[in-house]
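Could you walk me through this protein structure one piece at a time? I am new to the subject, so please use plain paragraphs.

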Amino acid sequence: MESTQRWRVRVTGVVQGVGFRPFVYRLAHEHSLTGWVNNDSAGVFLEAQGRLPDLSAFTAALSAEAPPLARVSEVSVQERLAASQDGADAFVIRESENSGTATTVVPADSHVCDDCLAEMNDPADRRHRYPFINCTHCGPRYSLIRGLPYDRAATTMVAFPMCAACESEYRDPLDRRYHAQPTACPDCGPKLTASVRDGDGTLRVVGESDDALNAALDIVRNGGIVAVKSVGGFHLAADARNAEAVALLRKRKRRDSKPFAVMVNDLASVDEIASHTPAEDELMLSPARPIVLLRKREGVLPDSVAPRNPSLGVMLPSAPLHHLLLEREGLDVLVMTSGNVSGYPIEFRNEDALARLFEVADLVLHHDRDIETRVDDSVVRTSDHPDLDRPLVSFLRRSRGYAPYALDVPVEVSPVIGLGAELKVTVSLARGRSVYMSQHIGDVKNDETFESHRTAADHLARLYELAPSLAACDLHPDFRASQYARGTYGVDVEEVQHHHAHMSACMAENQLTGTTIGVVFDGSGYGLDGTIWGGEFLLGDYSAVERVAHLRRLPLLGGDQAVREPVRTGFALAVDALGDKDAAAAAFPALGVLDEQQRSVYAVMAARGINSPLASSMGRLFDGAAALLGICTHSEYEAQGPIELEGLLGRDLDLERSDAYRVLRQPGEGAAELDWRPLIGALAGDVAAGTLPAVISRRFHSGIVDMVVAECEEIRDRRGINQVVLSGGVFLNEFLLVNCLVALRRAGFDAYCHRLVPTNDGGISLGQVMVASARQADRRRAERHPAES
């Protein structure tokens with residue numbers, strides 16, 4: 001007869017709030033085991049007793065057959081004990097315990113599952129058409145959580161006592177809603193409300209529940225705009241097929257050109273408006289339900305949805321309410337854009353939405369389930385190439401559905417908090433070999449977003465019971481996040497150069513260590529020499545880097561004004577490359593938007609360095625090129641010119657390598673300079689010859705790719721380093737990213753890019769953590785072994 005043992009098992013990862021304990025309960029019964037399971041601050045802990053083959057099969061199934069929303073990091077058998085007679089006749093679920101430091105991973109918000117959708121659409125079900133239906137396999141999580149362990153009392157659902165029917169489901173280990181903390185029904189749960197503001201400013205409720213939904217749909221169908229409270233905040237919804245409605249939304253939101261995302265009900269609906277691949281389908285159908293950038297089909301939706309852009313951001317419904325919004329005939333494609341007014345982050349509190357969103361919306365559709373943490377939609381893109389072994393997934397924004405999942409890093413990290421830079425800010429906290437990254441917070445130049453930044457940092461630290469011993473921030477002295485770090489943490493602050501943080505973030509998520517070449521291209525970052533960097537080749541590791549090459553500096557005429565008016569940068573590029581203002585104006589008709597006086601003033605500013613800081617910025621080079629071609633002389637949103645320049649690129653053109661524009665390498669005593677003047681000269685020649693913009697864009701992009709490969713080869717020849725990472729916001733350019741990656745690998749490099757965090761400043765906080773931790777470790781080693789330092 002086989003012996004009986006009792007095993008103590010620890011399961012870590014995303015194992016709370018995802019139906020893991022009832023899964024363990026059912027699995028134990030299937031394998032004829034007795035014992036117990038509970039949640040604690042570290043994850044799931046259990047004791048199981050039975051025959052050895054059953055115990056072995058049981059522990060293997062804990063990860064292999066885990067619930068849909070679970071992410072099991074490790075299943076470890078901590079002790080093997082002799083069989084016990086205590087509770088030997090049953091397997092039970094025990095109450096949660098809050099013991100020790102919280103190390104379990106907070107679950108992210110998830111879409112509504114098929115089972116809940118079926119119930120919502122069943123007239124006989126008690127949750128028929130209930131917009132807050134959920135179970136352990138789906139629904140809100142991170143946006144509602146106030147603390148761990150994840151129990152109803154630690155969420156905003158504490159305000160809704162369960163009715164007897166919900167309580168029965170909640171207590172039944174065999175029910176799909178066992179300990180589903182947001183579970184509710186129309187009798188005991190949140191309710192929809194539709195509010196309008198009358199002409200005299202009076203706030204008025206026009207409907208509740210189904211009446212509220214119908215009032216909202218009537219507004220949208222008649223060409224109006226509705227603010228909708230979703231899982232992590234408010235959206236602004238309009239009929240995407242109605243050009244007048246889209247124009248009205250743009251006017252009220254003061255957003256002339258930046259693309260809007262749209263929501264459709266299913267993949268069949270996606271197929272009508274955009275082309276899509278299996279990899280893109282997988283992302284759209286994933287529990288995270290992000291916005292996925294697809295190639296749009298021309299002529300289906302009004303051009304004003306995504307003007308002058310070949311891509312369209314598309315998402316499938318992520319909440320039951322979204323499905324109900326899309327069921328009205330004739331409203332099958334909705335613009336669903338961030339619910340905010342210009343200058344503010346998305347609204348997530350009812351009182352703020354009702355105070356502000358009537359500037360844009362005709363009706364606010366809200367509910368009484370509070371959102372604890374504001375969480376934007378995530379935005380992702382896939383890219384393919386014959387030389388890539390699988391489609392490349394890139395995050396433009398990592399937020400709902402992905403935050404605050406931990407990232408595994410290749411080295412032990414100190415308890416450091418990374419506070420990000422100034423734009424697209426995230427917060428990262430580290431412990432062991434895990435870095436917990438917050439949702440996208442936004443641009444902290446805004447007071448309200450800055451407050452959200454501090455709140456996110458506190459919330460994440462509280463959830464994981466982390467007390468950072470060191471704060472990492474950007475080197476720039478005027479960034480608000482950096483000032484906050486210095487004011488809050490005093491001497492325990494590590495200032496990290498912007499591009500070093502970019503490079504380190506890419507290394508960390510790719511599990512890299514050792515000396516690495518970092519190709520970091522973005523708009524701007526404060527350099528170690530006090531100048532503006534942005535077109536950098538770095539060499540080093542987490543502790544330190546040296547700048548081995550950079551783009552030729554160009555003057556930013558008027559400083560930040562050059563970002564808003566790229567024609568200034570285009571003019572500066574043309575004057576530097578062609579000799580004077582008259583030659584520049586003659587070569588590029590697009591500079592005709594500047595009058596003679598402006599050209600004279602700008603030429604003097606550039607020549608004398610008056611309010612014209614120099615920047616080695618790849619982002620500004622792309623800005624200037626787009627302006628010189630007349631694509632975007634004045635920018636309404638970040639990177640508008642580069643996005644539109646890439647959008648018209650002739651991807652299928654059969655160009656010889658010699659057709660690519662050339663960048664001249666100028667060796668120096670320190671860092672080499674990569675001179676773009678030959679590139680601008682060639683661009684001028686093509687404009688004069690009447691070359692198609694699609695060809696010019698392709699030659700421009702290909703010239704940058706060739707420059708990257710040539711400079712990396714130069715560094716490898718001199719320093720013997722073969723490991724390369726690509727980072728920075730310019731690598732959101734799909735053509736540039738994919739072709740640099742492929743060309744570097746063809747040249748024999750071990751080349752990597754971002755796959756798990758954004759390549760833009762959304763990844764900076766991760767890199768800051770890695771650099772600060774490495775430097776702290778260096779200092780501690782030096783203190784222990786001063787003779788070796």
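In this predicted model, strand 6 (residues 192-197) and strand 7 (residues 203-208) run antiparallel and are joined by five bridges. To see one of these pairings, find Ala 194 and look across to its bridge partner in strand 7, Gly 207. The two strands make a hairpin, with five residues between them. Within that turn sits Gly 201, which has a positive phi of about 90°.

Now let us move to strand 12 (residues 291-296), a good place to see how one strand can have several partners. Strand 12 pairs with strand 11 (residues 274-275) in the antiparallel sense, over two bridges. Here Arg 295 of strand 12 has Ser 275 opposite. Strand 12 also pairs with strand 13 (residues 311-315), again antiparallel, and this time four bridges join the two. With strand 16, by contrast, strand 12 runs parallel, and two bridges link them. Val 292 is a handy residue to click on: its bridge partner in strand 13 is Val 314, and its bridge partner in strand 16 is Val 380. As a background point, side chains in a regular strand alternate between the two faces of the sheet.

Strand 16 leads us to a loop. Between strand 15 (363-367) and strand 16 (379-383) you will find Arg 374. Is Arg 374 buried or exposed? Its relative accessible area is 9%, and the cut-off for buried is under 20%, so Arg 374 counts as buried. What surrounds this side chain? Setting aside residues up to four places away in sequence, Arg 374 touches Gly 232, Pro 345, Ile 346, Phe 348, Gln 439, Glu 448 and Ser 452. One of these, Ile 346, deserves a second look: its backbone oxygen is 2.6 Å from a polar atom of the Arg 374 side chain.

Another loop residue to visit is Val 231, located between strand 8 (226-229) and strand 9 (234-239). Val 231 is buried too, with a relative accessible area of 7%. Apart from neighbours within four places in sequence, its contacts are Asp 109, Pro 140, Ser 143, Ser 318, Ala 319, Ile 371 and Arg 400. For a sense of scale, compare Val 231 with Val 601: they are 370 residues apart in sequence, and their C-alpha atoms are 51 Å apart in space.

Val 231 also brings us to the empty spaces inside the model. Rolling a probe the size of a water molecule over the atoms shows where such space is left. How many cavities of 30 Å³ or more does the structure hold? There are five, and the largest has a volume of about 140 Å³. Its lining is made of 19 residues, and those nearest its centre are Pro 131, Val 231, Ala 319, Pro 320 and Arg 369. Helix 9 (residues 320-325) gives the most to this lining, with three residues. By type, the lining of the largest cavity has nine nonpolar, eight polar and two charged residues.

Pockets are open spaces, and the second largest pocket here holds about 1,400 Å³. It is lined by 50 residues, with Arg 71, Tyr 402, Ala 406, Leu 407 and Leu 756 closest to its centre. Several elements give two or more residues to this lining, among them strand 1 (4-14), strand 4 (71-82), helix 8 (278-285) and helix 22 (734-746). The largest share, five residues, comes from strand 20. In this pocket lining, 25 residues are nonpolar, 12 are polar and 13 are charged.

Next, turn to helix 1 (residues 20-30). Why can we call helix 1 largely enclosed by the rest of the structure? Because eight of its 11 residues are buried. They are Phe 20, Arg 21, Pro 22, Phe 23, Val 24, Tyr 25, Leu 27 and Ala 28. These buried residues pack against several elements, including strand 1, strand 2 (34-40), strand 3 (43-51) and helix 2 (52-64). Just after helix 1 comes Ser 32, which takes a positive phi of about 55°.

Our last stop is Ala 660, in the loop between helix 19 (640-647) and strand 28 (664-666). Its relative accessibility is 17%, so Ala 660 counts as buried. Leaving out neighbours within four places in sequence, Ala 660 is in contact with Arg 699, Ser 702, Gly 703 and Asp 706.

Definitions and conventions
Residues numbered from 1 in each chain as written. Predicted model: local features only at pLDDT ≥ 70, side-chain atom pairs only at ≥ 80, totals over all residues. Heavy atoms only, no water. Buried < 20%, exposed > 50% of the residue type's maximum accessible area, 1.4 Å probe, protein only. Polar contact = N/O pair within 3.5 Å; in protein donor to acceptor, adjacent residues only side chain to side chain. Contact = heavy atoms within 4.5 Å. 1 Å grid on protein atoms, 1.4 Å probe; cavity = no way out; pocket = protein on both sides within 12 Å on 5 of 7 lines; lining within 4 Å. Points joined across faces, edges and corners; volume = space filled by probe spheres on them. Nonpolar A, V, L, I, M, F, W, Y, C, P; charged D, E, K, R; others polar. Pairing = 2+ DSSP bridges.
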